[in-house]
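Thanks for coming. I will go through one structure today, from the inside outwards, and stop at a few side chains on the way.

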Amino acid sequence: MTTPDADGLLAEQLLRLTRRVHRIQKRHLEQRGLGITPAQSRLLRTLAHYGSPPRMADLAERLEVVPRAVTTLVDGLEASGKVRRVPDPSNRRVIRIEVTDQGRTALQELRGARRSAAEEILAPLSDEQREVLGGLLDTLVDGMPRLEKRC
């Protein structure tokens, strides 16, 4: 009799959960009629974290994708009016990507879609289970355990 590979089973569970999260988030995005793909959503959220408009190369690096992928995403978001290309004030050869007012409105909708998707995914868990899951996920993402709250 063979013993099951516990780490292999955990890895499979994580992959299945990732696919489920992706499907649910995609459905919530579609229900809001934003016309934004999950990849465009990620780019728009990433843009919102910059203090000033970044270069496409900066976005590619932050998103860990090739620059061509960013160009395609920006093209789609620009066509829908959510971002615009602007010249760099100090180097006219450099183009930066800026979120428009329509993009900021979309970001608010995206936050709502992500929140409702998270509520659906986490619904079976108690508050205590959610706290434990959060700590475990922090450990996996950061590679180190979350410091316990001390009184």
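I start with helix α2, where the buried residues are Gln40, Ser41, Leu43, Leu44, Thr46 and Leu47. Keep in mind that this is a predicted model. What do the buried residues of α2 pack against? They pack against α1, α3, α4, β1, β2 and α5.

Three of those leucines come up again in the core. The largest nonpolar core has 21 residues, and Leu43, Leu44, Leu47 and Val70 are those with the most contacts inside it. At least two residues of this core come from each of α2 (38-48), α3 (56-63), α4 (67-79), β2 (95-99) and α5 (101-122).

Take valine 70 out of that list. Leaving out residues up to four places away in sequence, valine 70 touches Leu43, Met56, Leu59, Ala60, Leu63 and Val65.

Back to α2 for one polar residue, serine 41, which lies in that helix. Is serine 41 buried or exposed? Its relative accessibility is 3%, so serine 41 counts as buried; the cut-off for buried is under 20%. The serine 41 side chain makes a polar contact with the side chain of arginine 45, at 2.7 Å. Apart from residues up to four places away in sequence, serine 41 also touches Leu29, Ile36 and Leu110.

Next, histidine 28, which is in helix α1. Histidine 28 counts as buried because its relative accessibility is 9%. Which residues is histidine 28 in contact with, leaving aside its neighbours within four places in sequence? They are Ala113, Ser116, Ala117 and Glu120.

Glu120 takes us to the charged pairs. How many salt bridges does the count come to? The count comes to nine, and I will show three of them.

For the first one, look at glutamate 120 and arginine 27. Their side chains meet in a salt bridge, 2.5 Å from N to O. This pair links distant parts of the chain, with glutamate 120 in helix α5 and arginine 27 in helix α1 (residues 6-31), 93 residues apart. Glutamate 120 is partly exposed, since its relative accessible area is 30%. Arginine 27 is partly exposed too, with a relative accessible area of 33%.

For the second one, go to arginine 85 and aspartate 75. They form a salt bridge in which the closest N and O atoms are 2.7 Å apart. Arginine 85 is in strand β1 (residues 83-87) and aspartate 75 is in helix α4; the two are ten residues apart, and the pair links distant parts of the chain. Both partners are partly exposed: arginine 85 has a relative accessible area of 27%, and aspartate 75 has one of 34%.

The third one pairs arginine 84 with glutamate 98, whose side chains meet in a salt bridge at 2.6 Å, N to O. Arginine 84 lies in strand β1 and glutamate 98 in strand β2, so this pair ties together parts that are 14 residues apart in sequence. Arginine 84 is partly exposed, at 38% relative accessible area, and glutamate 98 counts as partly exposed at 24%. As for networks, Asp75, Glu78 and Arg85 are joined into one by salt bridges that share partners.

One more acidic residue before the surface: glutamate 109, found in helix α5. Glutamate 109 is partly exposed, because its relative accessible area is 32%. Setting aside neighbours within four places in sequence, glutamate 109 is in contact with Arg32 and Leu34. If you want a distance to check on the screen, the C-alpha atoms of glutamate 109 and glutamine 40 are separated by 13 Å, and these residues are 69 residues apart along the chain.

Last stop, the outside. Which residues form a nonpolar patch on the surface? Leu14, Leu137 and Leu140 do, and together they have about 280 Å² of accessible area. Leucine 140 lies in helix α6 (residues 127-142). At 61% relative accessibility, leucine 140 counts as exposed, because exposed here means over 50%.

To sum up, the largest nonpolar core has 21 residues, the salt bridges number nine, and three leucines, Leu14, Leu137 and Leu140, form a nonpolar patch on the surface. That is what I have.

Key
Residues are numbered from 1 along each chain as its sequence is written. This is a predicted model: local features need pLDDT of at least 70, side-chain atom pairs count only at pLDDT 80 or more; totals for chains, interfaces and linings use all residues. Side-chain values use heavy atoms; hydrogens and water are left out. Patches are made of residues with over 30% relative accessible area and no salt bridge: like charges are joined within 9 Å, nonpolar side chains (Val, Leu, Ile, Met, Phe, Trp, Tyr) within 5 Å. Accessible areas come from the Shrake-Rupley method with a 1.4 Å probe; for residues, only the protein chains shown count as cover. A salt bridge is a side-chain nitrogen of Lys or Arg within 4 Å of a carboxyl oxygen of Asp or Glu. Helices (H or I, at least four residues) and strands (E, at least two) are DSSP runs, numbered from the N terminus. Buried means under 20% relative accessible area, exposed over 50%, partly exposed in between (1.4 Å probe, protein chains only). A nonpolar core is a set of buried Ala, Val, Leu, Ile, Met, Phe, Trp, Tyr and Cys residues joined through side-chain atoms within 4.5 Å. Contact means heavy atoms within 4.5 Å. A polar contact is a pair of N or O atoms within 3.5 Å; within protein, one must be able to donate a hydrogen and the other to accept it, and residues adjacent in sequence count only if both atoms are side-chain atoms.
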